[in-house]
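Walk me through this model, starting with one helix pair and ending with its enclosed cavities.

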Amino acid sequence: IAIVVMFVVFPLGLIMKEAFGKGLKVWFESIREPDTLSAIKLTLLTTAVVVPLNTVFGIIMAWALAKFNFRGRTFIISLIDMPFAVSPVVAGLIFILLLGPRNGWLGPWLDAHGIRLVFSTAGIIIATLFVTFPFVARELIPLMREQGTEEEQAALTLGSGPWRMFRRVTLPNIKWGLLYGVILCTARSIGEFGAVSVVSGHIRGETNTLPLHVEILYNEYSFTAAFAAASILSLVAVASIVLKGALERRINKGG
């Protein structure tokens, strides 16, 4: 309890104190700054693109890896875990080397065709996709493996098509694990800093997500505005923890 209070509750409390210390009016004024609103919009846009894509990817990969045995299966699982092992900053550098407009392997070709991925919204989305794509898949793989294939085989035997089988049999069995993975993916997408910092270019009002904007405000000694923006990230983190705990209780009860 002491460790949790020291390293979780106390820091969050300090952030909220600094953010709201001068009143709600100052907090709202800080949030309504054009650059802050731009950072919030970009963060929400990135999350709105990344989470659905990773959800679809996670379901497909979990289905393939949990329901079938094939050569290279263990290797694919290791690849899915790669973002957990690789530093986000290193991941950002990889995308710079791959897609950079000058020295990247594919950058000159992309630049010649008018395609700009690095230092743009597209680059931020790609980097966030890489960092967050294991979350949904990793929650579903052990769950689907534990459930086996008997129910799906029975549904197919009774004349159900693949899509109907998925909606009526598979999805109800994985719904809480799927929501759990989506919550984790959403929280990480909103709060991602390392990889996004490398590929964004830090263009104020254009390619700064909310975590990057907090850093810029703090470095400029705009502490009230920085903590106001940070309070949004903190509230998202708290909401994620609450939802995560609620889902864990639901899953443990077998609901």
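**Helix packing and cavities**

Helix 8 crosses helix 11 in a right-handed sense (near helix turned clockwise from the far one by less than a right angle). The contact (heavy atoms within 4.5 Å) involves Thr128, Val131 and Thr132 of helix 8, and Cys185, Arg188 and Ser189 of helix 11. The axes, lines fitted to C-alpha atoms over the stretch in contact, lie 10 Å apart at an angle of about 140°. Helix 8 and helix 11 are therefore oblique to each other (neither under 35 degrees, nor over 145, nor 65 to 115).

This is a predicted model: local features need pLDDT of at least 70, side-chain atom pairs count only at pLDDT 80 or more, and totals for chains, interfaces and linings use all residues. Residues are numbered from 1 along each chain as its sequence is written, and side-chain values use heavy atoms, without hydrogens and water.

Now the cavities. A cavity is a set of points on a 1 Å grid where a 1.4 Å probe fits but cannot get out, and lining residues have an atom within 4 Å of a point. Two cavities reach 30 Å³ or more. The largest has a volume of about 40 Å³, the space filled by probe spheres set on the points. Its lining includes Thr128 and Ser189. Helix 3 (34-67), helix 8 (121-132) and helix 11 (162-191) each give two or more residues to that lining. Four lining residues are nonpolar, five polar and one charged.

The second largest cavity has a volume of about 30 Å³. Helix 10 (residues 150-157) supplies the largest share of its lining, three residues. Here the lining has no nonpolar, four polar and three charged residues.

How values were computed. 1 Å grid on protein atoms, 1.4 Å probe; cavity = no way out; pocket = protein on both sides within 12 Å on 5 of 7 lines; lining within 4 Å. Helix = DSSP H or I, 4+ residues; strand = E, 2+ residues; numbered from the N terminus. Nonpolar A, V, L, I, M, F, W, Y, C, P; charged D, E, K, R; others polar. Axes fitted to C-alpha atoms, helices over the stretch in contact; angles between N-to-C directions.
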